[in-house]
Amino acid sequence: MLETSVTIILPYRKTTTFGVTAKKDDHTKDEAADPDYQHAHEGYDPHAWLDPGNGKVWPDQIAAVLSDLNPENQINYVATAVEGKAEIDQVVCDIEVVLASIWEKPFIVFHDAYQYFEIYFNLPAVGAISLSDGHDPSPARFAEIRKATQKTD
């Protein structure tokens, strides 16, 4: 689904601090001082299913392909796509209700896998302890995350 033209795709983040405290491509930190700071991935973040917008366009894409392969069941495929999109709308509403009381509170994540969700719901994530490459965080990484969270107080 990442290869369809309707999918919103985001590049991997290249720093452990982001969101409200760092620009996506902020290269001002001393990369040599932190061995964990590296461009862990090239290309795009594959966690695109965490964007409900993607989740709402994919059922139509899937229904179209299945309908081409099995035209006699097209009505079922289209109906399932419509139902799925309605369920996503309901889940988005439910999530917005849950997030309402904490919307403005900055937070950190352990693993940088949630940017699609963060962007869709406008959440103020400030950093990740672990980059998507799975390397263990260093003391320098913890110091950087701590500094980022202190900027938001």
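The paragraphs below follow one aromatic residue, Phe 121, from a nonpolar core to its ring partners. This is a predicted model, in which local features need pLDDT of at least 70 and side-chain atom pairs count only at pLDDT 80 or more, while totals for chains, interfaces and linings use all residues. Residues are numbered from 1 along each chain as its sequence is written, and side-chain values use heavy atoms, with hydrogens and water left out.

The largest nonpolar core (buried Ala, Val, Leu, Ile, Met, Phe, Trp, Tyr and Cys residues joined through side-chain atoms within 4.5 Å) consists of five residues, namely Val 92, Ile 95, Leu 99, Phe 121 and Leu 123. Phe 121 has a relative accessible area of 2% and is therefore buried, a word that stands for under 20%, with exposed for over 50% and partly exposed in between, using a 1.4 Å probe and protein chains only. Leaving aside residues up to four places away in sequence, Phe 121 is in contact with Pro 52, Val 92, Ile 95, Glu 96, Leu 99 and Trp 103, where contact means heavy atoms within 4.5 Å.

Across the whole structure, a search finds two aromatic pairs. The ring centres of Phe 117 and Phe 121 lie 4.7 Å apart with planes at 50°, so this pair is tilted, whereas the rings of Tyr 120 and Phe 121, with centres 4.9 Å apart and planes at 70°, are edge-to-face. Such pairs join rings of Phe, Tyr and Trp (its six-membered ring) with centres within 6.5 Å, planes under 30 degrees apart being stacked, over 60 edge-to-face and the rest tilted. Ring pairs thus link Phe 117, Tyr 120 and Phe 121 into a cluster, in which Phe 117 is partly exposed at 23% relative accessibility and Tyr 120 is partly exposed at 36%.
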